[in-house]
Amino acid sequence: MNIVNAKNEFPILSQKINGKDLVYLDNSATSQKPQVVIDSIVDYYTNYNSNVHRGIHTLAEKATEKYEEVRQKVADFINAKSVNEIIFTKGTTESLNFLASSLGKNFQKDDEIILTEMEHHSNIVPWQFIAKEKGLIIKYIEVKPDGTLDIENLESLINKKTKIISLIHVSNVLGTINPVEKIIKRAKLINPDIIAIVDIAQSVPHMKVNVQKIKADFVVFSAHKMLGPTGVGVLWGKYDLLEKLHPFLGGGSMIASVTKEKTLFAEIPQRFEAGTPNIAGVIGFGTAIDYINKIGIDEINSHEQHLTKYAMEQIKQLDFIEIYGPNERAGIISFNIKGVHSHDVSAVLDNNGIAVRSGHHCTDILHNKLNINSTVRASFYLYNNENDVEQLVLGLKKVNKIFK
Ligand SMILES: *Cc1c(COP(=O)(O)O)cnc(C)c1O
């Protein structure tokens, strides 16, 4: 498979938007799906739709086998120690709510949680829920004006009451690649009992993430940002920590036995997958991982690095634009055209067939810190090419002309 021709394998990308060839640069919000992923979902519903883990008939056995194969693919993709450490959820958001609510059960008043100022709302709001309920303290690692984390005084934030450090690997706004391994090591040096959670929603689709190497205890991510369907996510956790976790949802499939008085839970991972899961979605996700593996995650990463440098060079030459975040970054560029609201920028770009995101990208705290109301965000994936970058730059020049 050739990355140069990848665009042809994504049927949605061949259409025209407002009479122009679609240039899709909203990959941080969600990625497009290659034909093989769409086909595998259709194949499931056409040929072996059945519930998993229950039936003893041919279709149910095939559905279960295909579903469980994906668990192994995910484990291999992130280098988990065991397939039983992979829990399917409905997305990063659900995975984080699960962690906050289950881990939080054991916390005492004045226990502390460390987040960063660049977290996605899904890694803030669930912690605020549990903090309010239990009287916990949330502390934030600050973001410096250059868009990197201020970790010089990290040690001053951590003490014996710190229970959790939960942080984003790659910023979905600034593209900042945080030194998570270093941060976790330093935090655990002060307090080895800290549980480290890493939100890899924006890193794992674009770069090799090895959960053991980064010293995480849990990671969370979403299938839809890595060529898979919506409504499927992952919670990975070290097995001994999963064993201590109270289930988030109760119901069918997650039990060993139920009496009027009490329930014995099923083994892990079933224990954490109550009810009928998104079977078609998980199967499509497996095909997405196969697709990424065929091209190679390192190949994808260097392609995106090349496009990002190419785009940064050209956008920097436009004196009407302000770019946020560090030079060294993942394939995400957020910026503003001076004096023009981000919604107006994206509306004019859309007239030219270019899809970008505008707004606060679920990061109010970060936008407040940087003293900006909103930003325009262009984000790349493997199917983007230099022509997409050139169209974006032309589009930005048009916007500036209109609003000057
Ligand atoms: C998209 C995103 C989320 C939320 O993911 P959902 O799929 O909407 O649950 C959380 N964190 C980061 C960094 C994201 O980019």
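Begin the tour of this predicted model with the shell of residues around the ligand, which divides into two nonpolar, eight polar and two charged residues.

**First selection: the shell.** Select T92, T93, H120, S122, I168 and N172, and add D199, A201, Q202, S222, H224 and K225; together these residues surround the ligand. Colouring the selection by residue class should show the division into two nonpolar, eight polar and two charged members.

**Second selection: atoms that meet the ligand.** Display Q202 as sticks and find the polar atom of its side chain that lies 2.6 Å from an oxygen atom of the ligand. Turn next to H224, where an N or O atom of the side chain is 2.8 Å from a ligand oxygen. At T92, look at the backbone instead: one of its polar atoms is 3.4 Å from an oxygen atom of the ligand. How much of the ligand's accessible area does the protein cover? Of the 380 Å² that the ligand has on its own, the protein covers 86%.

**Third selection: the two domains.** Now colour the chain by its domain assignment, with residues 3-30 and 296-403 as domain 1 and residues 39-293 as domain 2. The centres of the two domains, taken over C-alpha atoms, are 28 Å apart. Domain 1 brings 35 residues to the contact, and domain 2 brings 36.

**Fourth selection: the interface.** The size of an interface is often given as the accessible area lost when the parts come together. Between domain 1 and domain 2, the buried area is about 2,800 Å², and carbon and sulfur atoms give 60% of that area. Across this interface there are 19 residue pairs in polar contact. The two domains are also joined by two salt bridges. To finish, select K369 and E117, whose side chains form a salt bridge with an N to O distance of 3.3 Å.

How values were computed. Residues numbered from 1 in each chain as written. Predicted model: local features only at pLDDT ≥ 70, side-chain atom pairs only at ≥ 80, totals over all residues. Heavy atoms only, no water. Near = heavy atom within 4 Å. Polar contact = N/O pair within 3.5 Å; in protein donor to acceptor, adjacent residues only side chain to side chain. Areas by Shrake-Rupley, 256 points an atom, 1.4 Å probe, with all protein chains shown as cover. Nonpolar A, V, L, I, M, F, W, Y, C, P; charged D, E, K, R; others polar. Domains from an automatic or database assignment. Contact = heavy atoms within 4.5 Å. Buried area = accessible area lost by both parts, 1.4 Å probe. Salt bridge = Lys/Arg side-chain N within 4 Å of Asp/Glu carboxyl O.
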